[in-house]
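Please look at the structure below and follow one buried residue outwards, first to its helix and then to the place where two domains meet.

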Amino acid sequence: MLAPALTQPGAVVVDCTLGLGGHSEALLTQFPEARLIALDRDKEALRLSRERLAPFGERATLVHAVYDELPEVLERLGTPRVQGVLFDLGVSSMQLDEADRGFAYAQDAPLDMRMDQSTGMSAAEVLNTYPAGELVRILRAYGEEKQAKRIVSAIVREREKEPFSNSARLVELIRDSLPQAAKRTGGNPSKRTFQALRIEVNGELASVERAIPAAVEAIAVGGRVVVLSYQSLEDRIVKQVFAAGAANTAPPGLPVVPERYQPRLKLLTRGAELPTEEEVAENRRAAPARLRGVQRIREDV
Ligand SMILES: C[S@@+](CC[C@H](N)C(=O)[O-])C[C@H]1O[C@@H](n2cnc3c(N)ncnc32)[C@H](O)[C@@H]1O
């Protein structure tokens, strides 16, 4: 989807979610004329990717930043307009697999969940300090957890006895507080609460809400923004920003639509593209992926 924008000499592509550098390496390999700017908020991911991408020398510039700082990063690097921007949202496999980062409910670990461990509140601090009403709101909105009230009552009762520090105690408490029927549906009963805490700790949705419009602003005419989301809340934000850019905003009844009302974006996918069965069989973490892309078709006037 990015290819048509990246074959010209001097093209710049931004990987907003570098992670372990799989996409960045593929982009640098596939498009020998392109330069890469890659961002991640996780310093460990940057360290590992720096080694992986070393063979590409100066074609790759890696930056420790949150992706909502995209305009500032591009300004600083002297490339305010780029040809491609890629987002692969959420947590990386490395973050999920490293037990001590506290993202996984399957292993007992400190309840941290910060993608950037050098700043911000941990999941344990959120659980131990947020008012009950706020926790209910987070579990409902970010985890789509129907039993939010029941779980939060148990959390508040337990944290008064002793603050939470590890994931196993939370997993056990969620299991014990749910009615039998709720335990039989929707996979591991802790999944939704862990997702909600992770989104809150990392301010994920607010970040996506700022970053997608910033990426659309940053691409030159002909440039493309491509986004992979893994849960419906993120995907909805992406869909709305893209749809707004692809809409004709003229008041009804104009005989000729002036350019300023015409769409700035063309949608590159009909709805979201889903992984194939073979891909999911090979990599089950691909299962929830939703892919959307747009192309910039005109300058602002
Ligand atoms: C799904 S992984 C990307 C994996 C990558 N495509 C690869 O090939 O290895 C998402 C990455 O985005 C980073 N990330 C998440 N939110 C971010 C944000 N707001 N700003 C910058 N990086 C972020 C995470 O730290 C994680 O490393």
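Ser49 is buried, with a relative accessible area of 0%, where buried means under 20% relative accessible area, exposed over 50%, and partly exposed in between (1.4 Å probe, protein chains only). The model is a predicted one, in which local features need pLDDT of at least 70 and side-chain atom pairs count only at pLDDT 80 or more, while totals for chains, interfaces and linings use all residues. Residues are numbered from 1 along each chain as its sequence is written, and side-chain values use heavy atoms, with hydrogens and water left out.

Leaving aside neighbours within four places in sequence, Ser49 is in contact with Leu18, Gly19, Leu20, Gly21 and Leu62, contact being heavy atoms within 4.5 Å. A polar atom of the Ser49 side chain lies 2.7 Å from the backbone oxygen of Gly19.

Ser49 belongs to helix H3; helices (H or I, at least four residues) and strands (E, at least two) are DSSP runs, numbered from the N terminus. Within H3, which covers residues 43–53, the residues Ala45, Leu46, Ser49 and Leu53 are buried. They lie on the same side of H3, because they cover an arc of only 95 degrees around the axis, the arc being that of the directions from the helix axis to the C-beta atoms. An α-helix has 3.6 residues a turn, so residues three or four places apart point the same way. The elements that cover the buried residues of H3 include those in the table.

| Element | Residues |
|---|---|
| helix H2 | 22–30 |
| strand S2 | 35–40 |
| strand S3 | 60–64 |
| helix H5 | 93–97 |

At the N-terminal end of H3, Asp42 acts as a cap, with a side-chain oxygen 2.9 Å from the backbone nitrogen of Glu44.

On a wider view, the protein is divided into domain 1 (3–88 + 204–296) and domain 2 (101–202), with bounds that come from an automatic or database domain assignment. Between the two domains about 960 Å² of area is buried, and carbon and sulfur atoms give 44% of this; buried area is the accessible area (1.4 Å probe) that two parts lose on being put together, summed over both. Of the area that domain 1 buries against domain 2, Arg41, Glu204 and Leu233 supply 57%, more than any other three residues.

How many salt bridges does the rule find across the interface of domain 1 and domain 2? The rule finds 2, a salt bridge being a side-chain nitrogen of Lys or Arg within 4 Å of a carboxyl oxygen of Asp or Glu. Arg198 forms a salt bridge with Glu204, and their closest N and O atoms are 2.8 Å apart.

Technical notes:
Polar contact = N/O pair within 3.5 Å; in protein donor to acceptor, adjacent residues only side chain to side chain.
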